[in-house]
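Visitor: I am new to reading protein models, and I would like to be guided through this one slowly. Could you take me through a few of its helices?

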Amino acid sequence: DLKALALLIEARKLNPADADVQYEFGIVALRMSLFSDAIDAFTQVLKLRTDDAAALYGLGRAKMSVSRFDDAQQAFERYAQLHPADASGHYALGFTLQALQRASDARSEYERSIALQPQQTESYFQLGLMELEEGSTGAAAEKFDQVLKRAPQHAGALNGMGRVKFQERDFGGAGALFEKAIASSPEFREAHYYLGLADSRLGRKEESERELQIASRIEHEEVEKHQTVLKIVDLDQGRQRTQAKPTQ
């Protein structure tokens, strides 16, 4: 990615009006978590090609990554207008609306996404999380079950099912699910945290302390990543641009 980035920086300088080059640079920057650069590149594409759907989607992803949810919503709304039959556009819009705490609108977009692509997992997963937060454990379990039928190792859904069991005070069953979630995604902080709580309820003091310490360590590492500063070096002009790297 670094080599591709260097080549694309040169290409952008030689022909800044080339929308394809701007788009490719944006994609590489997005992949490298250089979100400000990605936003700039996708914005340049949209100045050259007003309704470029791929650039709109990329811009929405980049804006989400820096918590500019209102801007992301606008990008994904436009994308969904251009491609109303694309389930991923409605999912992305739903995710943005959920971040904006517009639960009803988010639910509608997730349901639309599922209607277009019933075999997916992510809209079911997000609906499960929403049901869980609203205290509807039965409805949440149904959504997580839909995910696990298609993706048995889905760490988020395993953790979600564990939380359902935890709320039902089945701490042994919850712990087993949290362990499966961790086996699927070892750095899943929330699963370690809830496993620590489940172990505590079961009187497993040492195991509980270990899991809670792991959760604390992962949280600390995530904060450090958020504060890490990345630099892009323009080799010709010797100037440097810096930006923070947010946690994805």
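**A walk through some helices**

Guide: Ser33, just after helix H2, takes a positive phi of about 65°. Helices here are DSSP runs of H or I with at least four residues, numbered from the N terminus. This is a predicted model, in which local features need pLDDT of at least 70, side-chain atom pairs count only at pLDDT 80 or more, and totals for chains, interfaces and linings use all residues. Residues are numbered from 1 along each chain as its sequence is written, and side-chain values use heavy atoms, leaving out hydrogens and water.

Visitor: How far apart are the end C-alpha atoms of H2?

Guide: The expected span of a helix is 1.5 Å times one less than its number of residues. Because H2 has 13 residues (19-31), it should span 18 Å, and this agrees with the distance between its end C-alpha atoms, which is 18 Å.

Visitor: Is Glu131 buried or exposed?

Guide: Glu131 lies in helix H8, residues 122-133. Buried means under 20% relative accessible area and exposed over 50%, with partly exposed in between, using a 1.4 Å probe and protein chains only. Glu131 has 10% relative accessibility, so this residue counts as buried.

Visitor: How are H4 and H5 oriented to each other?

Guide: The axes, lines fitted to C-alpha atoms over the stretch in contact, give angles from 0 to 180 degrees between N-to-C directions. Those of H4 (residues 53-65) and H5 (residues 69-82) come within 8 Å and cross at roughly 155°. Angles under 35 degrees count as roughly parallel, 65 to 115 as roughly perpendicular, over 145 as roughly antiparallel and the rest as oblique, so H4 and H5 are roughly antiparallel.

Conventions. Helices (H or I, at least four residues) and strands (E, at least two) are DSSP runs, numbered from the N terminus.
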